[in-house]
Each structure stands twice: as C-alpha cells, then as structure tokens.
Amino acid sequence: MASEIAMLSFSSQDLSAIVLSLKVACSATLISTPFGIACGYFLAFGKTRGKALLEGIISLPLVLPPVVVGYLLLLSFGSNGIIGKFLNMLGIQVVFSLTGAVIASAVVGFPLMVRSIRIGMEAVDQSYVSVSRTLGAGWWDSFFTIVLPLSGRAIFAGMSLMFARNLGEFGATVILAGNIPGVTQTIPLAIYEYTSVPGGDRMALTLCLVSISLSFAILLVSEGINSRFGRR
C-alpha cells in the first residue's frame, strides 16, 4: 500500500507538467477549431484546383516525423525566420516559450481535426442546403443552421482527437519550445527527462498513467457526447 501511495505522489514539477499539458492541449484545440471548420468546409465543398494542394499541405504533418515538423517551425519562427522576424518586432517570442508549445501542438494535431470535420461535412445531405437557399436563406444562414449543426458530431470528434494527440505531442514541441520545467515541459517531456536519469522510472510510470487516464477520459467524454448527438 505504501509503495502504491508513493507512486501516486507528484512533485511540484510533475504537477506543473500536467497543468501545462492541459493548457497547451486546450489552447491549441480551441484556437485551431475555427480554422479546422473553414478548411474542412473548403475541402468538402470547394471546387477550385487548389483544393488538392491545400489538402496535401494540411496532411503533411501526419506523414512527416514530428522532429522534422518542429525543425521547420523553428526555421520559420526563429529569430532569423520569416515569421520570427515579424513577431520579434511586435515583442512576441515563440521559441522556448509556452506559445511555441501551443503552435507545435496545433500544427501536429490539426490534420486529425480537419479530416474528421471534412468527412462529417461531406456526409451532409446537400438537398437540405439547396432547399434553404430556394427559401431565401443566404450562405451564412445555410452554414450556421444546416451544415454546422449536422456536422456537429464530426467537429467534436475532431476536437477530441486533436486534444488527445496534443497531450502526447513530443517531437515538434521539444524542438520549438524546448524542455524547460515550469515553462514548456509537458507530460511527455517530463517522462523523457525521468527516463534519462537514474531512479526516474517510478515517476515516469506515474506520469504515463496520468497521460493514459487523461486520454481515456477524453475519449469516453467524446463517445458519450457523440451518442447523445446520435439519439437526437
């Protein structure tokens, strides 16, 4: 019993890593959702030639190693990068900051959200939209009253997948944001640090259990909400 209690004890650094993981995952998911809906709609209903190119760019983080994604972000947001120079003029620091961790997680998890939203929107019966337009509804009215509600399950599923993916993000985050305790160190980074020091296996296992519990809870909540959507 004593050993089990000891395993469940957390240091202030561990608690900080858990809080930062939740903060990064929530921020990245919420910030990405409007863009995910816009991209999903364009990929589902767009007729332009640029749709295939956009789909390829969005899906690229799924097939690239996260470390490669992180390095490309570092080149872009670094002090000499195209975006980094502009942000430095505004006094915004991305590299080795919480902002960098959010950006890295958002880029890596974004494709999962977009793919889910796109599939949901493609399943919307277009006859409903056509009828609403013949009745005088504008594009925005049709979008907010028909497309968005009917694809609500897919949108929430995409958000849940992205949130769960963000909880486990490591490669891109460690390259762009670093592994700074209390600043950018999330659960995966803390686990990596524990596995690199003697006697850290117990705390690494504890944080693994926390990560598994959080991800499983998110999936359960997602399934529960999707079931309620389905009954309606």
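In this predicted model, Arg118 forms a salt bridge with Glu122, with 3.0 Å between the closest N and O atoms. The two residues sit four positions apart within helix α6, which is about one turn of the helix. Glu122 is partly exposed, at 41% relative accessibility, whereas Arg118 is buried, with a relative accessible area of 18%. Arg118 counts as buried because its value falls under the 20% limit.

Arg118 also has a second partner. A salt bridge joins Arg118 to Glu55, and here the closest N and O atoms are 2.5 Å apart. This pair links distant parts of the chain, since Arg118 belongs to helix α6 (residues 98-122) and Glu55 to helix α3 (residues 50-63), with their positions 63 residues apart. Glu55 is partly exposed, its relative accessibility being 27%. Taken together, Glu55, Arg118 and Glu122 are linked in a network of salt bridges. As a general point, side chains of opposite charge can pair when their charged atoms come close.

A further salt bridge is found between the side chains of Arg165 and Glu169, at 3.2 Å from N to O. Is each of these two residues buried or partly exposed? Arg165 is partly exposed, with a relative accessible area of 26%, while Glu169 is buried, at 2%. The count for the model comes to three salt bridges.

Attention now turns to the nonpolar side chains. The largest nonpolar core has 17 residues, and those touching the most other members are Ala28, Ile37, Ile117, Met121, Phe143, Val147 and Met162. At least two residues of this core come from each of α2 (12-45), α6, α8 (139-150) and α9 (152-167). Which helix gives the largest share of this core? That helix is α6, with six residues. Helix α6 therefore contributes to this core and also holds Arg118 and Glu122, the salt-bridged pair described at the outset.

Val147 offers a closer view of the packing. Leaving aside residues up to four places away in sequence, Val147 touches Tyr41, Phe45, Met121, Val124, Val129 and Ser142. One of these neighbours, Met121, is itself listed with Val147 among the core residues that touch the most other members.

Finally, the UniProt record, an unreviewed entry, lists residues 18-220 as "domain: ABC transmembrane type-1". In the model, this span is 78% helix and 0% strand. The C-alpha atoms at the two ends of residues 18-220 lie 19 Å apart.

Note on methods. Residues are numbered from 1 along each chain as its sequence is written. This is a predicted model: local features need pLDDT of at least 70, side-chain atom pairs count only at pLDDT 80 or more; totals for chains, interfaces and linings use all residues. Side-chain values use heavy atoms; hydrogens and water are left out. A salt bridge is a side-chain nitrogen of Lys or Arg within 4 Å of a carboxyl oxygen of Asp or Glu. Buried means under 20% relative accessible area, exposed over 50%, partly exposed in between (1.4 Å probe, protein chains only). UniProt positions are given in the numbering used here, feature names are shortened, and annotations may be inferred rather than shown by experiment. A nonpolar core is a set of buried Ala, Val, Leu, Ile, Met, Phe, Trp, Tyr and Cys residues joined through side-chain atoms within 4.5 Å. Contact means heavy atoms within 4.5 Å.
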